[in-house]
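Load the model in your viewer and keep the sequence panel open. The stops below go from the whole chain to single residues.

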Amino acid sequence: FHALVGARVVTAPGQVLETATIVVRNGLIVAVGPNVQAPAGARVWDLRGKTIYPGFIDAHAHSSHFFTG
């Protein structure tokens, strides 16, 4: 588990949680919210003053989408 705590989290256009926690397990977001607690044993990342767009970047891509020829 990883817990990203204290960040400003943009969950959708126009929907912002000013101070929230994101819990990530096995590379997937499992919880987001202002009242979410870090699970026992989680690596805690203090992200106060940072803004996060969870799920904004999809790391999966095929090179054929970018190159032709």
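The tour begins with the overall fold and then moves through strands, a buried residue, the surface and charged pairs.

**Whole chain**

Show the cartoon of this predicted model. The secondary structure comes to zero helices and five strands, so named under DSSP runs numbered from the N terminus. Read from the N terminus, the elements run β-β-β-β-β. Buried residues account for 23% of the 69 residues in the protein. Switch on a surface: the accessible area of the protein is about 5300 Å², and 55% of that belongs to carbon and sulfur atoms. Of the contacts between residues at least 6 apart in sequence, 44% join residues at least 24 apart.

**S1 and S2**

Select residues 2–12 for strand S1 and 15–25 for strand S2. The two run antiparallel and are joined by eight bridges. They form a hairpin with two residues between them, and Gly-14 in the turn has a positive phi of about 80°. For one rung of this pairing, pick Ala-3, whose bridge partner in S2 is Val-23.

**Val-23**

Stay on Val-23, which lies in strand S2. Is this residue buried or exposed? Val-23 has a relative accessible area of 3%, and because buried means under 20%, Val-23 is buried. Measure to Ala-3 in the viewer: the C-alpha atoms are 4.5 Å apart, while the two residues are 20 apart in sequence. Now show the neighbours of Val-23. Leaving out residues up to four places away in sequence, Val-23 touches Phe-1, His-2, Leu-28, Ile-29, Val-30, Ala-31, Val-36, Gln-37 and Pro-39.

**S2 and S3**

Add residues 28–33, which form strand S3. S2 and S3 pair in the antiparallel sense over five bridges. Select Val-24 to see it stand opposite Ile-29 in S3. This hairpin also has two residues between its strands. Which residue there takes a positive phi? Asn-26 does, with a value near 50°, and Asn-26 is a residue other than glycine. Asn-26 sits in the loop between S2 and S3 and counts as exposed because its relative accessibility is 71%.

**A nonpolar patch**

Colour Phe-1, Leu-28 and Val-30 on the surface: they make a nonpolar patch of about 300 Å². Leu-28 belongs to strand S3, and at 57% relative accessibility it counts as exposed. Phe-1, Leu-28 and Val-30 are also among the residues that Val-23 touches.

**Charged pairs**

Finish with the salt bridges. Side chains of opposite charge can pair when their charged atoms come close. The count here comes to two salt bridges.

- Select Arg-8 and Glu-18: their side chains meet in a salt bridge at 3.7 Å, N to O. The pair links distant parts of the chain, with Arg-8 in strand S1 and Glu-18 in strand S2, ten residues apart. Arg-8 counts as partly exposed at 30% relative accessibility, and Glu-18 counts as exposed at 52%.
- Select Arg-48 and Asp-46: the closest N and O atoms of this salt bridge are 2.4 Å apart. Arg-48 is exposed, with a relative accessible area of 62%. Asp-46 is partly exposed, with a relative accessible area of 46%.

Conventions. Residues are numbered from 1 along each chain as its sequence is written. This is a predicted model: local features need pLDDT of at least 70, side-chain atom pairs count only at pLDDT 80 or more; totals for chains, interfaces and linings use all residues. Side-chain values use heavy atoms; hydrogens and water are left out. Patches are made of residues with over 30% relative accessible area and no salt bridge: like charges are joined within 9 Å, nonpolar side chains (Val, Leu, Ile, Met, Phe, Trp, Tyr) within 5 Å. Accessible areas come from the Shrake-Rupley method with a 1.4 Å probe; for residues, only the protein chains shown count as cover. A salt bridge is a side-chain nitrogen of Lys or Arg within 4 Å of a carboxyl oxygen of Asp or Glu. Helices (H or I, at least four residues) and strands (E, at least two) are DSSP runs, numbered from the N terminus. Buried means under 20% relative accessible area, exposed over 50%, partly exposed in between (1.4 Å probe, protein chains only). Contact means heavy atoms within 4.5 Å. Two strands pair if DSSP finds at least two bridges between them.
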